[in-house]
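User: I'd like a close look at a single part of this structure, please. Pick one stretch and take me through how it sits among its surroundings.

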Amino acid sequence: MKMKQCILFVFFSLIQMSSLGASNSPDSLFTDEYIESICLNEPKRALALLDEAEQLKKMPPYRIDYLRCLVYHNGMEQYRIALDYANKAYHSDFIQNDPMWKYSLLDMMSNACLQLSDYEACIRYVVEGTKSAREIGDKSGEANMMLMHGEAKRKMGLKAEAETYFLQAIEIQKKVVASTRDWHDVDDLLYSYGTLISAYQEDGKYEAAIGLLPEYERLMDKLKKMPDLPDGLCDLRYASEYAAFACIYAQNGEQETARKYYLKYLETNYASSIEGEPIRIEYLLNSGQYKEALQYIGKEKQRYVDNGETISFEYLRYALEYEERALAGLGDYKALAETRKQMLAVTDSLNSRDKANAALELSTLYETNEKNEQIRIQADKLYRERIFLIASLVVLFLSLAVISFIVHSLRATRRKNRILVQQIDEMLDYQEELHRAKKAMLDSAATFASEELPAGTFDSEELPADTSESERKLFELMDMTIDSEKMFLDPDINRDALIKRFGILKNSFAQFIQTYAGTNFNGYINNKRIDYSVLLLRDEANYTIQAVSDDSGFSNVRTFHRVFRDRYGITPAEYRKNMTRKA
């Protein structure tokens with residue numbers, strides 16, 4: 001997708017520069033085309049040129065911000081900085097009035113949010129990007145946005161919706177490829193198929209993934225025949241295909257076929273490159289070649305260390321979790337314990353970082369509220385001065401006072417509702433981050449607990465004996481299960497079902513819920529239903545309040561209204577109204 005962004009940018013640059021002749025003067029360095037051409041391999045030099053262009057006023061501010069976004073996004077993969085410059089460029093009049101530039105910028109903004117795990121922001125930008133793509137008639141761009149929409153939905157756990165978006169993207173791209181002579185279009189379709197295949201593989205739908213192989217190979221044959229194909233591209237795509245299907249066949253129990261594809265992978269040039277070596281690890285783990293896998297995992301760990309990226313979900317997933325699987329397969333429990341200790345340390349660091357970000361958001365909200373309060377106080381002061389000056393006009397004053405009071409009350413109510421909506425959204429974002437962090441810790445703990453360790457691996461005094469800690473972990477497991485399976489959506493859910501499933505003593509169940517949820521059973525379930533209803537109100541604009549109530553698991557809409565208002569201080573309709581205005 002980075003390549004596609006670069007090509008789009010070149011296209012825009014050529015349009016703007018079509019009236020200019022080639023120049024060998026130093027000014028030729030301060031062009032969109034030149035800076036775009038060096039942003040991948042020489043990003044620091046590109047940034048230095050942009051700094052100089054800004055000082056000499058060689059380019060307008062929106063183009064400098066756009067190019068800085070491009071460099072940080074594509075060349076340096078520093079997505080937060082890229083997003084900051086993208087927002088500056090996005091609000092310029094030129095970008096807002098040019099749908100082609102607007103689409104290209106929204107493409108990078110969506111992808112940056114996807115990389116930063118800000119999935120709701122990603123979807124907002126994707127929706128805008130889809131509109132821009134349709135406005136300029138760019139079918140490939142529309143498919144690209146559909147694909148990112150699906151990726152964001154999948155990251156949010158909405159797998160069925162994600163698959164729908166993936167398939168829509170593929171159908172759009174098929175129509176483009178049917179009449180194209182541009183290798184980029186074929187390559188984009190291959191990427192979309194690869195995304196869907198990876199999703200099927202992750203979900204254990206190996207037969208569905210294997211069923212896409214003939215179409216994938218047909219597209220590879222077509223890609224080979226396309227004109228102006230960059231050197232090494234087909235080799236890279238074949239290496240990725242062979243490594244992926246070697247792993248899928250191994251997971252499906254077809255080891256001979258898996259081995260055949262792995263040997264094909266080894267024959268590619270990409271397999272021996274720094275970037276191409278790690279993609280074999282998944283196959284090696286699934287085929288039981290743990291020692292060889294550890295060699296490549298060690299290289300990956302070092303790369304993360306060298307880049308200073310050891311506090312990241314990628315390091316946790318592609319280095320430590322791979323290492324954990326390999327060591328478990330080898331039965332090296334001492335090294336396994338050390339790796340899991342590292343995993344817990346990284347998880348704790350990620351949690352601390354998330355808490356710091358949440359604190360910063362609350363601080364910003366507090367500062368905003370303080371400014372609003374000062375504005376209100378100043379407005380009241382001016383209002384009293386006006387009253388004093390027109391005291392002789394009593395009747396008129398009373399009329400104006402009543403009108404002003406009504407307007408002020410309405411504004412205060414709307415302002416309160418907007419703030420409440422913002423607080424609700426921020427609370428749900430924080431709960432989602434906390435949910436992911438807890439899930440990662442529980443998954444690690446569950447994996448560790450499931451291993452059958454040899455006798456004598458741990459001393460008896462190391463075994464947990466704290467009953468309250470065990471209860472807390474049981475509650476977290478139950479809470480995660482209820483969330484992941486959406487058990488709260490069942491209107492008939494009762495405590496007996498949870499008691500039976502999680503082995504909780506019936507006599508202590510009420511106290512158990514009160515202790516760890518801070519409320520009774522009905523309050524605990526209703527809180528989850530209310531949080532889910534907020535997502536429906538926000539994401540499903542066509543749903544009626546009755547439909548939201550039903551789909552959230554409430555037996556009647558009256559109860560839904562009461563519980564929603566008690567929890568958030570506003571009604572569902574007020575939330576939707578203010579949410580719409582905010583959007």
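Analyst: Happy to! A helix here is a DSSP run of H or I with at least four residues, and helices are numbered from the N terminus. Please keep in mind that this is a predicted model. My pick is helix 3, which covers residues 43–56.

Let's begin with its length. Helix 3 has 14 residues, and at 1.5 Å a residue they should span 20 Å. The C-alpha atoms at its two ends are 20 Å apart, which agrees with that expectation.

Next, which residues of helix 3 are buried? They are Pro 43, Ala 46, Leu 47, Leu 49, Leu 50 and Ala 53. Looking down the axis of helix 3, you find these buried residues within an arc of 160°, so they line one face of the helix. The general geometry is handy here: an α-helix has 3.6 residues a turn, so residues three or four places apart point the same way. On the face of helix 3 turned away from the buried side, you meet the exposed residues Lys 44 and Gln 55.

What covers the buried residues of helix 3? The cover includes helix 2 (32–38) and helix 4 (61–75). Just after helix 3, Lys 57 takes a positive phi of about 55°.

Helix 4 deserves a look of its own. Of its 15 residues, 13 are buried, so helix 4 is largely enclosed by the rest of the structure. At 1.5 Å a residue, helix 4 should span 21 Å, and its end C-alpha atoms are 20 Å apart, which agrees. Just after helix 4, Glu 77 has a positive phi of about 55°.

Two cysteines may catch your eye as well. Cys 39 is buried, with a relative accessible area of 0%, and Cys 69 is buried too, at 1%. With a disulfide taken as a pair of cysteine sulfur atoms within 2.5 Å, the count comes to zero.

Finally, the wider setting. The chain has 27 helices and zero strands, and buried residues make up 41% of its 583 residues. Among contacts between residues at least 6 apart in sequence, 61% join residues at least 24 apart. The accessible surface of the chain comes to about 31,800 Å², and 53% of that belongs to carbon and sulfur atoms.

To bring it back to your bench view of helix 3: its buried residues line one face, Lys 44 and Gln 55 sit exposed on the face turned away, and helix 2 and helix 4 are among the elements covering the buried residues.

How values were computed:
Residues are numbered from 1 along each chain as its sequence is written. This is a predicted model: local features need pLDDT of at least 70, side-chain atom pairs count only at pLDDT 80 or more; totals for chains, interfaces and linings use all residues. Side-chain values use heavy atoms; hydrogens and water are left out. The expected span of a helix is 1.5 Å times one less than its number of residues. Buried means under 20% relative accessible area, exposed over 50%, partly exposed in between (1.4 Å probe, protein chains only). The arc is that of the directions from the helix axis to the C-beta atoms. Contact means heavy atoms within 4.5 Å. Accessible areas come from the Shrake-Rupley method with a 1.4 Å probe; for residues, only the protein chains shown count as cover.
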